[in-house]
Each structure stands twice: as C-alpha cells, then as structure tokens.
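Visitor: Could you teach me how to read a fold, one feature at a time?
Guide: Gladly; let us bring up the structure.

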Amino acid sequence: MMRFQDKVVVVTAAASGIGLAIARRFADEGARLALADINEDALREQSAAFGLPADRLLLRRADVSEMDQVEALIAATVEKFGRIDVLANNAGVGSYGYVTELPIERWRRVFAVDVDSIFYTVRFALPHLIAARGNVVNTASISGLYGDYGFAGYNAAKGAVVNLTRNLAIDHAKDGVRFNAICPGLTETPATRWMRENEEIAAAYADRLPMGRAGKPEEMAAAVAFLASEDASYITGHCLVVDGGLTAATGQPNFKRIMPTR
Ligand SMILES: NC(=O)c1ccc[n+]([C@@H]2O[C@H](COP(=O)([O-])OP(=O)(O)OC[C@H]3O[C@@H](n4cnc5c(N)ncnc54)[C@H](O)[C@@H]3O)[C@@H](O)[C@H]2O)c1
C-alpha cells in the first residue's frame with residue numbers, strides 16, 4: 001500500500017518504540033517525513049534505516065513540551081516541504097506513584113510532554129492541516145480510558161489526550177481536519193521493558209491479556225496509518241483501542257482458568 005505517496009507527515013518522539021514504527025510505516029507508504037525527538041543521535045541512527053533521500057526527510061531535535069521548539073519544528077517542516085498532511089503526536093512520558101508521593105515536578109512534566117505538546121503542535125500546524133485537508137493522530141493509551149494502580153499522573157494526562165482529541169475533532173470538523181487517537185495497551189518498547197522483565201508483572205499480564213502477548217510497535221503504527229488514511233475519511237474524534245483485548249474484560253476473575261472442571 002502506498003496511501004501516503006508524497007504526503008508530508010510529522011511524527012513526534014520518533015526515535016524509539018511506537019514513534020519509530022509510525023515513522024517507518026509512513027516512510028514505507030511513500031510519505032515525506034519530518035521527525036522530531038529530544039534524542040537527536042538516536043533519531044539520526046534509527047531513521048537511516050528507512051533509506052530516504054535527504055530531500056524526503058527532515059530530522060529535528062525538539063523537546064515538544066517547549067512551545068518555541070514546537071513552533072520551530074512546524075516552521076522548519078513547512079519551509080522544507082511546503083505543507084503538512086498528517087501530524088502524529090506520539091510523545092508521551094509516564095509516571096509511577098500515588099498522588100501522595102508523586103513529586104509535583106514529575107506531575108507537571110507528564111502533563112507538559114503528554115498534553116501541552118499536542119496543544120502546541122496543533123496550534124502551529126492547524127493552518128497547514130486546513131490547507132491540506134489533513135488530519136492528526138494522537139498516541140493516547142488505554143490508561144487514558146481507565147485507571148491503573150499507581151499511575152495517577154499518566155492516567156490524568158492520557159485522559160486529557162483522549163478528550164482533547166474529541167474536542168479538537170468537533171471544533172475543527174468544519175475546517176476539514178480530522179482528529180483521532182490510538183489507545184495502545186502494553187506494547188513492546190524500551191519504555192515497558194522494566195514491566196515485561198519483572199517476572200511477577202509479566203505473569204500478571206499473561207493472566208490478563210486475552211491474546212496472551214504484548215502488542216508490537218508495528219501493530220500500533222498500522223492503526224495510526226489506518227486512521228490517517230482515506231480509509232478513515234468519515235472517522236473523527238475516535239480513540240481506537242489496540243490492546244489485544246485487555247480492556248474488553250471486566251476485571252472479574254478468569255473462572256475457566258481457576259476452576260477448569262466446573
Ligand atoms: N509502550 C507502551 O506499552 C505504551 C502503551 C500505551 C501508550 N504508549 C504511548 O506511546 C508513546 C510512545 O511510547 P513508547 O513506549 O514508544 O516509548 P519509548 O520510550 O520507546 O520512546 C519514547 C521516545 O520519546 C522521546 N521523547 C521523550 N520525551 C520527549 C519530548 N519531551 N520531546 C520529544 N521527544 C521525547 C524519547 O527520546 C524516545 O525516543 C507515548 O505517548 C506512550 O505514552 C505506550
């Protein structure tokens with residue numbers, strides 16, 4: 001499929017994990033890319049494998065929690081490519097700790113990276129998205145739909161991403177710009193290595209995940225590409241859950257596993 005031939009796609013936090021897979025997917029489908037990350041070395045190393053010529057790839061060091069850096073990213077993209085068709089807001093950091101123990105700086109950092117970044121990218125990119133009749137796909141999380149034990153900051157921030165996506169969708173539907181989000185469940189990225197490598201946590205996930213495995217970054221990227229494509233032309237304000245069935249369960253015990261003969 002070459003659904004994004006010559007389209008201009010901006011991806012934030014593109015040097016690792018889900019963002020890297022999103023960038024690779026758009027590259028494979030013919031897009032021209034503007035990739036941003038705070039880790040410029042990793043961004044350069046990882047994107048080299050895409051094999052894109054210099055006139056189809058813009059790499060930029062940007063901390064997307066900083067408004068001026070986002071403004072410069074969007075300006076550089078438009079200067080190089082002249083348009084923006086798709087904006088994939090993938091940057092997000094987590095937090096672990098109850099409200100009673102989470103340092104206030106961490107709470108603020110999570111909101112700055114996960115939520116403020118979307119406010120900034122949309123603010124600066126919107127005129128270009130309107131001109132291109134483009135769309136935005138945010139990386140939210142199932143943690144933005146339900147609560148996790150011990151993840152107060154992350155739950156609050158991703159909840160904000162989900163509802164900001166809905167707000168933007170309705171505010172700008174008449175402008176011809178669609179806004180959607182993916183809500184990944186546990187995904188095999190460096191960010192979740194500590195969970196997946198902890199035996200007890202891995203066993204608890206194995207018990208709860210109906211499909212019996214974590215998702216792959218490429219499976220998240222496929223969902224982003226669908227939402228960004230013309231196949232999703234009548235979909236806006238939607239948060240697509242990509243979690244192997246994790247949130248399809250009520251949380252009640254697995255009776256068949258515990259009492260197989262009953
Ligand atoms: N991995 C999962 O299980 C999972 C599940 C649900 C949602 N998500 C979301 O997916 C997104 C990507 O997560 P991942 O697991 O791929 O992470 P990752 O750790 O593999 O990669 C994160 C990338 O973000 C970059 N980054 C961090 N802060 C930044 C900033 N301020 N500005 C620009 N770049 C920044 C890092 O340098 C890194 O390259 C996040 O929004 C995360 O919340 C991940």
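Guide: We will go through the sheet, the helices on it, the ligand shell and the overall form. This is a predicted model, where local features need pLDDT of at least 70, side-chain atom pairs count only at pLDDT 80 or more, and totals for chains, interfaces and linings use all residues. Residues are numbered from 1 along each chain as its sequence is written.

Visitor: How many helices and strands are there in the protein chain?
Guide: Helices (H or I, at least four residues) and strands (E, at least two) are DSSP runs, numbered from the N terminus. The protein chain has nine helices and seven strands.

Visitor: In what order do the strands form the sheet?
Guide: Two strands pair if DSSP finds at least two bridges between them. Here the seven strands form an open, parallel sheet in the order β3-β2-β1-β4-β5-β6-β7. β3 (57-61) and β7 (239-242) each have a single partner strand, so one side of each lacks a neighbour in the sheet.

Visitor: Which bridges join β6 and its partners?
Guide: β5 (residues 135-139) pairs with β6 (residues 178-184) over five bridges, in the parallel sense. Threonine 139 stands opposite isoleucine 182 in β6. β6 and β7 are also parallel, with four bridges, and cysteine 239 in β7 is the bridge partner of alanine 181.

Visitor: Where do the side chains of β7 point?
Guide: A residue is buried if 20 or more other C-beta atoms lie within 10 Å of its own, exposed if 12 or fewer, and partly exposed in between, with C-beta atoms placed from the backbone. Along β7 the side chains alternate: Cys239 and Val241 point to one face and are buried, whereas Leu240 and Val242 point to the other and are not. Across the protein chain, buried residues make up 45% of the 262 residues.

Visitor: Which strands does helix α1 lie across?
Guide: Axes are lines fitted to C-alpha atoms, for helices over the stretch in contact (C-beta atoms, placed from the backbone, within 7 Å). Angles run from 0 to 180 degrees between N-to-C directions. Helix α1 (residues 17-28) lies across β1, β2, β4, β5 and β6, at about 170° to β1.

Visitor: Which residues come nearest to the ligand?
Guide: A residue counts as near if its C-beta atom, placed from the backbone, lies within 6 Å. Of the 29 residues around the ligand, Ala13, Gly17, Gly92, Thr189 and Ala191 come nearest. The largest share of this shell, three residues, comes from α1.

Visitor: What box do the C-alpha atoms fill?
Guide: Along the principal axes, the box is roughly 65 × 45 × 40 Å.

Definitions and conventions:
Contact = placed C-beta atoms within 7 Å.
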